[in-house]
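Welcome, and please open your viewer with side chains switched on. We will walk through a few contacts together, one selection at a time.

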Amino acid sequence: MTVAVTGASGQLGRLVVQALLREGVTPVAIVRDPQKIADLAEQGVDVRQASYDDADSLDRALAGVDRVLLVSGNEFGARVAQHTNVIRAAERAGVELLVYTSIPQGAQNSMILAQEHIGSEAALAASTVPHAILRNGWYWENYLGGLAHAVESGVLHGAAGEGRVAGAARADYADAAAKVLTTDGHAGQVYELGGDERLTYAELAQSISTAAGKPVRYENLPEADYAAALQQSGLEAGYAKVLADADAGITKGLLDVTSGDLQKLLGRPATPAVEVFRAALA
């Protein structure tokens with residue numbers, strides 16, 4: 001069985017490749033720039049060059065592949081078309097299972113971040129390729145960009161109110177993806193993935209405080225004010241809006257996952273937030 005991972009030079013894709021290697025599977029790693037994963041090639045990984053925008057390159061990269069993980073791209077505005085290109089290539093290659101990384105609650109998720117996932121899931125549903133969907137919840141690593149400032153200032157800012165985030169470490173989601181890629185019975189399944197901890201931002205601030213050994217409190221802002229603060233910190237206006245909108249989605253419970261699917265796939269609990277923050281601050 002030949003297993004491929006797209007976006008293998010990205011943070012999640014690389015972790016999935018490494019998880020597959022630990023499972024005793026040497027995968028195909030599909031990337032735009034093979035030089036970025038030269039170290040994986042040295043470990044025997046079959047590195048193939050392809051772009052989500054280039055159908056011919058995708059056909060070459062998926063030749064002989066039985067199962068493929070489609071790691072969602074990061075080019076906002078282009079992702080549905082790009083993902084559809086991979087889906088069509090998987091159909092032409094006769095792939096037996098395509099696994100797609102999506103976002104919790106599918107078509108019911110109103111967050112800006114969810115809209116291209118909704119379109120991509122629709123493209124999968126209209127395809128002939130057998131597929132499974134991993135609706136990945138929030139990564140605790142999503143908070144690392146503002147971690148140092150929160151520790152230094154003693155304040156974590158956000159617009160999530162009392163909403164809860166069922167986060168997990170990125171490596172947890174990678175391990176779950178590797179399990180789906182290497183075991184049977186997943187075609188047609190949709191997995192809502194979230195961690196054991198369902199933290200409010202006040203509790204998230206406490207986890208940061210515990211990891212840092214310094215007091216950190218949460219200060220809630222209106223969505224527009226939080227977006228403005230993110231811009232003032234140097235983020236591009238569109239990206240700041242997306243992040244503030246995500247926090248607003250948290251207030252609606254859009255990232256509060258209670259299915260237990262992640263834990264069932266892993267066969268263990270998910271990684272606590274404090275462990276991710278402690279490792280980042282070490």
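Start by selecting D175 and R22, whose side chains meet in a salt bridge with 3.0 Å from N to O. D175 sits in helix 7 (residues 170-182) and R22 in helix 1 (residues 11-22), so this pair ties together parts that are 153 residues apart in sequence. Keep in mind as you look around that this is a predicted model.

Now colour the two by accessibility. R22 is exposed, with a relative accessible area of 60%, while D175 is partly exposed at 23%.

**Next stop: R268 and D172**

Stay with helix 7 and select D172 together with R268; their side chains form a salt bridge, also listed at 3.0 Å from N to O. R268 lies in the loop between helix 11 (261-266) and helix 12 (273-281), and D172 is in helix 7, so the contact joins parts that are 96 residues apart in sequence. Is D172 buried or exposed? D172 counts as buried, at 1% relative accessibility. Its partner R268 is partly exposed, with a relative accessible area of 31%.

**A salt bridge in another place**

Select E219 and R217 next: here the side chains meet in a salt bridge of 3.5 Å, N to O. E219 is partly exposed at 28% relative accessibility, and R217 is partly exposed too, with 47%.

Now bring back the earlier selections. R22, D172, D175 and R268 are joined into one network by salt bridges that share partners. How many salt bridges does a search of the whole structure find? The search finds 16.

**On to the aromatic rings**

Hide the charged side chains and turn to the rings, where the count comes to four aromatic pairs. Select W140 and Y143: their ring centres are 6.5 Å apart and their planes stand at 40°, so the pair is tilted. Both W140 and Y143 are buried.

Then pick Y201 and Y218, an edge-to-face aromatic pair with 5.3 Å from centre to centre and 75° between the planes. Y201 is in helix 8 (residues 201-212) and Y218 in strand 9 (residues 217-220), so the pair ties together parts that are 17 residues apart in sequence. Y201 and Y218 are both buried.

For the last view, select W140, Y143, Y201 and Y218 at once: ring pairs link these four into a cluster.

Technical notes: Residues numbered from 1 in each chain as written. Predicted model: local features only at pLDDT ≥ 70, side-chain atom pairs only at ≥ 80, totals over all residues. Heavy atoms only, no water. Phe/Tyr/Trp six-rings, centres within 6.5 Å; stacked < 30°, edge-to-face > 60°. Buried < 20%, exposed > 50% of the residue type's maximum accessible area, 1.4 Å probe, protein only. Helix = DSSP H or I, 4+ residues; strand = E, 2+ residues; numbered from the N terminus. Salt bridge = Lys/Arg side-chain N within 4 Å of Asp/Glu carboxyl O.
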